[in-house]
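Here are my notes on the model you sent round. They go from the chain as a whole to a few single residues.

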Amino acid sequence: MVSTPPQQKASVARPVGSPAAPLAAVPVRSATVSLDDCRGHDSEFAELAREAAELNNVEPRALIVRTLLHLPRVARRDGQLRWQQIKTELARCAIELRTDQAKVADLVPHATFKLQELLFVEYDERLAEQIFGHLHYLRSARPGSLNYALVDPRYGQPVSLCSVSPLEWKRVGGQITRQFDVPMSAIWDISRVYSFAVAPPNAISYLLSKVRTAIRHAAPQVELLSTAVDPNLGFTGSSYLAANWHRWMTIKPRPYLYFDRGYMSPRQLRAAFQTTNVAELRATFDTRFEQSQATLLDSMIFCCRTRGETENVPEGLQRRLHR
């Protein structure tokens, strides 16, 4: 990381014997920082990430999210990290993201357009898989999804896109069925969302509103859309709220799992190793398999009915699900 030298200031004559001007307080960085402190948009971690993104010519937000996914691997049980650990993970993730970004360079938009100029389309599955597989923090696409995007009117490149899939999370589906009388077969999941740096403000909420209408025609049997928002990655669900979704419940987190220092979801582990059993994986791979130790925040489950208004569930009535 290159530090910027302070600007030189012209010296100002001061009468002999007059008191010196008080020195400005210099902030002192603490030896460690918490995972909580890294999640804020204006955090010192975010500023370091933006500098690393500029040096590596990658998208800042994508780098922030990808690094937040990997910081729990090196955090202590109390969630504290050393700054050198953060810089190491930022550098590693930036190189990885730069490599991934190069693989889909022809799909990365650079021109900027106003929100109303973007076109809403059902997006090609093969191209969506490339974007989600390389640029989304999970680095995977959900097979068999419908994909929708806001594309620029000039080149047809996606600015914001998402995939919609039948809900497979039985714990969430079962609770929705019991509490809201919506059968799991009528619930689809916003399984992936990705927005490029050139996306105008409110692009995701605008996309979600368009998707709600599109699903009513493409899959009329669907009564409800749901999604999981992970605040450990700095997500708040603001785009869903702006699209008139509501948080209906939360779900207790499980530790993040890593193989060869890279995050792997339970789905990815099952596909690669035919198991998600931690003891089996450790016995087989020893130190190549790791599990986060710090306490993580609950995921938030947001929902939206495809027809009519979506009920607002007061926070005190929202269930906390256990995995």
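1. For the charge count, Lys and Arg are taken as positive and Asp and Glu as negative, while His and the chain ends are left out. On that basis the chain carries 40 positive and 32 negative side chains. The centres of the two sets are 3 Å apart. Please keep in mind that this is a predicted model.

2. Overall layout. The chain is made of 10 helices and 13 strands. Its C-alpha atoms fill a box of roughly 85 × 55 × 45 Å along the principal axes. There are 323 residues in the chain, and 47% of them count as buried.

3. Contacts and surface. Among contacts in the chain with a separation of 6 or more, 77% come from residues 24 or more positions apart. The exposed area of the chain is about 17400 Å², and carbon and sulfur atoms supply 52% of that area.

4. Helix 4. This helix covers residues 83–103, which is 21 residues. From first to last C-alpha it reaches 30 Å, close to the 30 Å expected at 1.5 Å a residue. Its buried residues are Trp83, Gln85, Ile86, Glu89, Leu90, Arg92, Cys93, Ala94, Leu97, Asp100 and Gln101. Glu89, Arg92 and Asp100 are thus listed as buried alongside residues such as Ile86 and Leu90.

5. What do the buried residues of helix 4 pack against? The partners include three helices that come before it in numbering, namely helix 1 (35–38), helix 2 (44–56) and helix 3 (60–74). Helix 5 (125–134) is also a partner, as are strand 1 (32–34) and strand 2 (80–82).

6. Helix 7. This helix (203–218) follows the loop that holds Asn202. With 16 residues, helix 7 reaches 22 Å between its end C-alpha atoms, close to the 22 Å expected at 1.5 Å a residue. Buried here are Ala203, Ser205, Leu207, Leu208, Val211, Arg212, Ala214 and Ile215. As background for reading such a list, an α-helix has 3.6 residues a turn, so residues three or four places apart point the same way.

7. Asp298. Is this residue buried or exposed? Asp298 counts as buried because its relative accessible area is 19%, and the cut-off for buried is under 20%. Asp298 sits in the loop between strand 11 (289–291) and strand 12 (299–305). Its side chain makes a polar contact with the side chain of Arg320, at 2.6 Å. Leaving aside residues up to four places away in sequence, Asp298 touches Pro231, Thr250, Ile251, Lys252, Pro253 and Arg320.

8. Arg126. This residue belongs to helix 5. Its relative accessible area is 52%, so Arg126 is classed as exposed. Arg126 and Val159 are 33 residues apart in sequence, and their C-alpha atoms are 16 Å apart in space.

9. Positive phi values. Which loop holds Arg139? Arg139 is in the one between helix 5 and strand 4 (146–151). Its phi is near 55°, a positive value in a residue other than glycine. Arg139 is partly exposed, with a relative accessible area of 36%.

10. Asn202 also has a positive phi in a residue other than glycine, near 70°. Asn202 lies in the loop between strand 6 (187–195) and helix 7. With a relative accessible area of 54%, Asn202 is exposed.

Terms used
Residues are numbered from 1 along each chain as its sequence is written. This is a predicted model: local features need pLDDT of at least 70, side-chain atom pairs count only at pLDDT 80 or more; totals for chains, interfaces and linings use all residues. Side-chain values use heavy atoms; hydrogens and water are left out. Helices (H or I, at least four residues) and strands (E, at least two) are DSSP runs, numbered from the N terminus. Buried means under 20% relative accessible area, exposed over 50%, partly exposed in between (1.4 Å probe, protein chains only). Contact means heavy atoms within 4.5 Å. Accessible areas come from the Shrake-Rupley method with a 1.4 Å probe; for residues, only the protein chains shown count as cover. The place of a charge is taken as NZ of Lys, CZ of Arg, CG of Asp or CD of Glu. The expected span of a helix is 1.5 Å times one less than its number of residues. A polar contact is a pair of N or O atoms within 3.5 Å; within protein, one must be able to donate a hydrogen and the other to accept it, and residues adjacent in sequence count only if both atoms are side-chain atoms.
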